[in-house]
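I opened this file to look up a few things and write them down in order. My notes start once the structure is on the page.

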Amino acid sequence: LAEVIEDFFGDGRKFGCQISYLREESPLGSGGALSLLPKSIEDPVLVMNGDLISEFDVERFLTTHEKTKAAITVGVQSYQHQVTFGCVEIEDGQIRALVEKPSLSRTINTGIYAIAPKYVAMIPSSFFPIVSLVESALSAGDIVTPFQIDEWVDVGEPRQLAMARGEDH
């Protein structure tokens, strides 16, 4: 639905910015499309997955990325998952504990990134998940920093989109 997005945003003037569009000839994955950017990028690139709704201070996000001298900054959020069943902990073939409906807490990737120009230039022009770029930076020992995103909703599934719209489903 690229044309719907382009029709809505146009050249960006009505939003106080300038927008240029790039189109994939074939699917390049969440990171591979960045290979379509000009090779002479001098500033960090802000990347967001297309199936999310978020509100955050973009300027602070990019400033934090630059101050930390990070290769990549990843937007993160705390996530709680309530297991709806009692859980059993087994060790050496015996039940060692019963935990009734535990709550699990994890830090999740929100799909929002700031990427240093050096790393944008490393992206191949083939199918490439953006998490592979993060893994490359980590493997190289480069700095990868988190940035807390408080207002964030993944709307990649119809049920999630309905919830974001306040619809009962």
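These entries cover the sheet, the helices across it, one strand residue and one surface patch.

Entry 1, the model. I am working from a predicted model.

Entry 2, sheet order. I looked up how the strands are arranged. I find an open sheet of 4 strands in the order 1-6-3-7, with mixed pairing. Strand 1 and strand 7 (144-148) stand at the edges; each has a single partner strand, so one side of each has no neighbour in the sheet. I note an average twist of 40° from one strand to the next.

Entry 3, strand pairs. I took the pairing of strand 6 (residues 103-115) with strand 1 (residues 45-48) next: the two run antiparallel and are joined by 4 bridges. I picked Leu46 of strand 1 and found its bridge partner in strand 6 to be Ala114. Strand 3 (residues 72-82) also pairs with strand 6 in the antiparallel sense, over 10 bridges. There I noted Ser78 opposite Thr107 of strand 6.

Entry 4, faces of strand 1. Which side chains of strand 1 are buried? I find that the side chains alternate along the strand. Val45 and Val47 point to one face and are buried. Leu46 and Met48 point to the other face and are not buried.

Entry 5, helices on the sheet. I checked what lies across the strands. Helix 3 (residues 58-67) lies across strand 1, strand 3, strand 6 and strand 7, and I have it running at about 85° to strand 6. Helix 5 (residues 130-139) lies across strand 1, strand 3, strand 6 and strand 7 too, running at about 90° to strand 6.

Entry 6, Thr110. I chose this residue in strand 6. Is Thr110 buried or exposed? Its relative accessible area is 2%, and the cut-off for buried is under 20%, so I list Thr110 as buried. Leaving out residues up to four places away in sequence, I find that Thr110 touches Leu52, Gly75, Val76, Gln77, Ile149 and Trp152.

Entry 7, a surface patch. Which residues make the nonpolar surface patch of about 470 Å²? I list Ile5, Phe8, Phe9, Phe15 and Tyr21. I followed up Tyr21, which sits in the loop between helix 1 (2-9) and helix 2 (29-32). Tyr21 has a relative accessible area of 33%, so I enter it as partly exposed, the class between under 20% and over 50%.

Terms used:
Residues numbered from 1 in each chain as written. Predicted model: local features only at pLDDT ≥ 70, side-chain atom pairs only at ≥ 80, totals over all residues. Heavy atoms only, no water. Buried < 20%, exposed > 50% of the residue type's maximum accessible area, 1.4 Å probe, protein only. Pairing = 2+ DSSP bridges. Patch = residues over 30% accessible without salt bridge, like charges linked within 9 Å, V, L, I, M, F, W, Y side chains within 5 Å. Areas by Shrake-Rupley, 256 points an atom, 1.4 Å probe, with all protein chains shown as cover. Salt bridge = Lys/Arg side-chain N within 4 Å of Asp/Glu carboxyl O. Axes fitted to C-alpha atoms, helices over the stretch in contact; angles between N-to-C directions. Contact = heavy atoms within 4.5 Å.
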